[in-house]
Amino acid sequence: MELVEDKHNSDFNIKKYINNTIIINDNSYSEPIIIFDSKISNFSIDKPNLININDIEQYLDSITLVLIGTGESTILPNQDLIELMYKKNKGLEFMNTDSACKTHNILLSESRSFISILYP
């Protein structure tokens, strides 16, 4: 699926999500990644439902939202993470990665403060 090009000028607009691969500019990612503060890094947690607050705590002071793309199908995060994010008054959105890629680009165009954790 090719995404519609946005007028927003960012090095982190997601161009495509196809065949379990995320394409950002000329780079392809087929392993989980985290996008934050002008940086794309590998994300070492194997499955989205295993993410806990300790895995993302370092980002929470700088953001208002955590976006999780869970792969081809939507996988619920663990209940502890949902409850702790609520208590910290931080947004938590999770959806299949196709939808998360589109949402990521929209959030970028709105200059929102967020991280994206994407599982191809």
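How much area does the chain expose, and what share of it do carbon and sulfur atoms supply? The exposed area is about 7000 Å², and carbon and sulfur atoms supply 43% of that figure. The points below concern a predicted model.

1. Overall dimensions. The chain has 120 residues and a radius of gyration of 13 Å; a compact globule with that many residues would have a value near 14 Å, so the two agree. Taken along the principal axes, the box filled by the C-alpha atoms is roughly 35 × 25 × 20 Å. Of the 120 residues, 42% count as buried.

2. Secondary structure. Three helices and eight strands make up the list of elements. Read from the N terminus, their order is β-β-β-β-β-α-β-α-β-α-β. Among them are β2 (residues 21–24), β4 (33–36) and α3 (97–109), α2 (79–87) and β7 (91–95), and β8 (114–118).

3. Sequence range of the contacts. Counting contacts in the chain with a separation of 6 or more, 65% are made by residues 24 or more positions apart. A specific pair with a long sequence separation is described under point 5.

4. Threonine 21. This residue is placed in strand β2. Its relative accessible area is 19%, and since the cut-off for buried is under 20%, threonine 21 is classed as buried. Neighbours within four places in sequence aside, the contacts of threonine 21 are Lys16, Ser28, Tyr29, Ser30 and Pro120.

5. Isoleucine 22. Strand β2 also holds isoleucine 22. Here the relative accessibility is 0%, so isoleucine 22 counts as buried. With neighbours within four places in sequence left out, the contact list of isoleucine 22 includes Ile14, Lys16, Tyr17, Asn27, Ser28, Tyr29 and Ile33. From further along the chain, Thr97, Leu118 and Pro120 are also in contact with isoleucine 22. The C-alpha atoms of isoleucine 22 and proline 120 lie 6.5 Å apart, although 98 residues separate the two in sequence. Proline 120 is likewise among the contacts of threonine 21.

6. Largest pocket. The volume of the largest pocket is about 180 Å³. Its lining consists of 12 residues, and those nearest the centre are Phe36, Asp37, Ser38, Leu108 and Phe114. Strand β4 and helix α3 each contribute at least two residues to this lining. Sorted by class, the lining has five nonpolar, five polar and two charged residues.

7. Backbone at asparagine 89. Most residues other than glycine have a negative phi. Asparagine 89 has a positive value, near 60 degrees. Asparagine 89 sits in the loop between α2 and β7. The relative accessibility of asparagine 89 is 70%; exposed requires over 50%, so this residue counts as exposed.

8. Backbone at serine 111. Which sign does phi of serine 111 have, positive or negative? The value is positive, near 55 degrees, in a residue other than glycine. Serine 111 belongs to the loop between α3 and β8. With a relative accessible area of 62%, serine 111 is exposed.

Key. Residues numbered from 1 in each chain as written. Predicted model: local features only at pLDDT ≥ 70, side-chain atom pairs only at ≥ 80, totals over all residues. Heavy atoms only, no water. 1 Å grid on protein atoms, 1.4 Å probe; cavity = no way out; pocket = protein on both sides within 12 Å on 5 of 7 lines; lining within 4 Å. Points joined across faces, edges and corners; volume = space filled by probe spheres on them. Helix = DSSP H or I, 4+ residues; strand = E, 2+ residues; numbered from the N terminus. Nonpolar A, V, L, I, M, F, W, Y, C, P; charged D, E, K, R; others polar. Rg over C-alpha atoms; globule rule 2.2 N^0.38 Å. Buried < 20%, exposed > 50% of the residue type's maximum accessible area, 1.4 Å probe, protein only. Contact = heavy atoms within 4.5 Å. Areas by Shrake-Rupley, 256 points an atom, 1.4 Å probe, with all protein chains shown as cover.
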